[in-house]
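Reader: I'm new to looking at protein models. Could you walk me through this one?

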Amino acid sequence: MLSHLLLMRHAKSSWSDGSLSDHERPLNERGETAASAVGQALSARGYAPDIIWSSDSTRTRQTAMRLIRAIPGAQTVNYNSNFYHAGVETVLGICGKQIEPAGKLMLLGHNPGWAGLHEYFTGQYHDYPTGACTVLQRTDYKSGDWLDPKSWRMIDLILPRELESELER
């Protein structure tokens, strides 16, 4: 059974090459640093995902790879083109058709959908900047629906800007 659900928006992307489509935009230097820092924080706090379900855009692929490099052990990444700029209902529909994974699952994607997922699972609005990661812990294993927001409690919200300030201390 799933014990933790992590929601992460891709790290900061580059707008420097106007010839690239939105789907093809890579991470910028700040985004590369932030993705690695979030991966290190997840690992240090005991929240490292076992599996990542991700949008297939370049920036989400690069975010996932940076996370994996920062987390010891093997993780599996499954890319889904339907996560690209998906809204809450679309993401929940895609996830609802999958078998509930075991351990810790990360959903990696884009705003506004991921800010909406944060609000759906926590009941709290957040502007959800790039690189933000919500960590939810399962509180109800009896419910047959692992996507029921009542089954989850937010235990952490990792923001890259806060990690940067921690490193500066």
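Author: Sure. Before we start, contact here means heavy atoms within 4.5 Å. Keep in mind too that this is a predicted model.

Reader: Leaving aside neighbours within four places in sequence, which residues is Leu 107 in contact with?

Author: Skip the neighbours within four places in sequence, and the list still takes in residues from quite separate numbers, including Leu 5 and Trp 114. In full, the contacts of Leu 107 are Leu 5, Leu 6, Leu 7, Met 8, Trp 53, Phe 83, Val 91, Cys 95 and Trp 114.

Reader: Which residues touch the most other members of the largest nonpolar core?

Author: That core has 26 residues. In general, nonpolar side chains in soluble globular proteins tend to be buried together. Here, the ones touching the most other members are Leu 5, Leu 7, Leu 107 and Phe 121.

Reader: And which element gives the most to this core?

Author: Strands S1, S2, S4 and S6 and helices H3 and H4 are the elements that give two or more residues. The top giver, with five residues, is H3.

Reader: How many residues are in the other core?

Author: This one lies apart from the largest core. Among its members are Ile 52, Ala 64, Leu 108 and Leu 163. Its size is 17 residues.

Reader: Are H1 and H2 parallel, perpendicular or oblique to each other?

Author: Their axes are 8 Å apart, and the helices pack at an angle of about 45 degrees. Angles under 35 degrees count as roughly parallel, and 65 to 115 as roughly perpendicular. The angle falls in neither range, so H1 and H2 are oblique.

Reader: What classes of residue make up the contact of H1 with H2?

Author: On the H1 side you'll find Val 38 and Leu 42, among others, and they meet a set in H2 that includes Arg 66 and Leu 67. Sorted by class, the contact has five nonpolar, five polar and two charged residues.

Reader: Which elements do the buried residues of H4 pack against?

Author: H4 is mostly covered, with eight of its ten residues buried. Trp 114, Leu 117 and Phe 121 are among those buried residues. They pack against S1, H3, S4, S5 and S6.

Reader: Is Gly 123 buried or exposed?

Author: Gly 123 comes just after H4 and takes a positive phi of about 75 degrees. Its place is the loop between H4 and S5. Its relative accessible area is 62%, and the cut-off is over 50%, so Gly 123 is exposed.

Notes
Residues are numbered from 1 along each chain as its sequence is written. This is a predicted model: local features need pLDDT of at least 70, side-chain atom pairs count only at pLDDT 80 or more; totals for chains, interfaces and linings use all residues. Side-chain values use heavy atoms; hydrogens and water are left out. A nonpolar core is a set of buried Ala, Val, Leu, Ile, Met, Phe, Trp, Tyr and Cys residues joined through side-chain atoms within 4.5 Å. Buried means under 20% relative accessible area, exposed over 50%, partly exposed in between (1.4 Å probe, protein chains only). Helices (H or I, at least four residues) and strands (E, at least two) are DSSP runs, numbered from the N terminus. Axes are lines fitted to C-alpha atoms, for helices over the stretch in contact, and angles run from 0 to 180 degrees between N-to-C directions. Angles under 35 degrees count as roughly parallel, over 145 as roughly antiparallel, 65 to 115 as roughly perpendicular and the rest as oblique. Ala, Val, Leu, Ile, Met, Phe, Trp, Tyr, Cys and Pro count as nonpolar, Asp, Glu, Lys and Arg as charged, and the others, Gly among them, as polar.
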